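Visitor: I'm new to this one. Could you show me around and tell me how the labels are earned?

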Amino acid sequence: MGLAHPHGPSRSTASDWTQLHIALLQVFPLLTVGLLVPLWHRPRLGLAGIATVMAWACAFVYAAYCTGLDAVAGIAAGTAVEHVGETASIGPVKRPLYDTGEALGQAGAYALIGAITATAVALFPKCGTRIVPGTVVLLAAGWSFVDSHIFWPCGVWTMLGFALGFALLAWGTGKSAPPAKPASLPAAKRAITGLEGDCHHRIVA
């Protein structure tokens with residue numbers, strides 16, 4: 001979609017601009033799935049639980065405000081430009097919508113950065129440093145997302161960065177610790193014998 005995304009609505013691209021942002025309404029909120037899946041459990045008391053709730057809240061804010069960006073600067077601006085008079089200037093029509101949409105989009109992008117940070121805090125006690133590579137890539141992509149959206153070329157690379165970051169985070173959270181090796185039979189027998197001797201000594205004493 002980034003490759004086909006116009007850099008602004010004009011009389012010739014207004015219809016495509018509108019239709020593209022209607023399609024994006026269902027797409028952009030899905031970025032939060034990469035954070036919600038590893039946090040899919042009831043939060044416990046403590047720092048990890050608080051961070052989980054904060055990640056959920058920031059993800060909700062991102063989804064709401066990013067949808068607002070697409071609705072105002074995308075659908076509304078494209079529709080207005082498409083129906084403006086042939087002799088009228090389109091700048092005064094789309095500029096206020098752009099300004100409002102940009103403010104909503106930046107608020108959503110910063111909320112997404114907050115959700116990524118809170119997710120890392122929530123997962124670190126369980127997963128340790130395995131989540132660091134994915135978190136670093138996601139934070140870099142989130143910072144780029146503040147002003148790149150999905151415009152080519154930076155925005156497209158930003159979306160690919162999100163894909164890589166979520167893949168690394170999934171790898172870091174899906175890797176479980178190796179199970180403990182069962183004790184060998186002689187070692188287990190010695191342990192039981194020692195325990196029996198200790199119990200006998202305590203009874204005699």
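Guide: Sure, let's start at one end. Leu-3 sits in the segment before helix H1 (14-24); helices here are DSSP runs of H or I with at least four residues, numbered from the N terminus. Keep in mind that this is a predicted model, where local features need pLDDT of at least 70 and side-chain atom pairs count only at pLDDT 80 or more, while totals for chains, interfaces and linings use all residues. Residues are numbered from 1 along each chain as its sequence is written, and side-chain values use heavy atoms, leaving out hydrogens and water.

Visitor: Why is Leu-3 called exposed?

Guide: Its relative accessible area is 68%. Exposed means over 50%, buried under 20%, and partly exposed in between, with a 1.4 Å probe and protein chains only. So Leu-3 counts as exposed.

Visitor: And what makes His-149 count as buried?

Guide: The relative accessibility of His-149 is 11%, so the buried label fits. You'll find His-149 in the loop between helix H5 (132-148) and helix H6 (154-174).

Visitor: Which residues does His-149 touch, not counting those up to four places away in sequence?

Guide: Among them are His-5, His-21, Phe-28 and Asp-70. Contact means heavy atoms within 4.5 Å.

Visitor: What makes a set of residues a nonpolar core?

Guide: They must be buried Ala, Val, Leu, Ile, Met, Phe, Trp, Tyr or Cys, joined through side-chain atoms within 4.5 Å. The largest one here has 32 residues, and Phe-28 and Phe-162 are among those touching the most other members. H4 gives the most to this core: eleven residues.

Note on methods: Helices (H or I, at least four residues) and strands (E, at least two) are DSSP runs, numbered from the N terminus.
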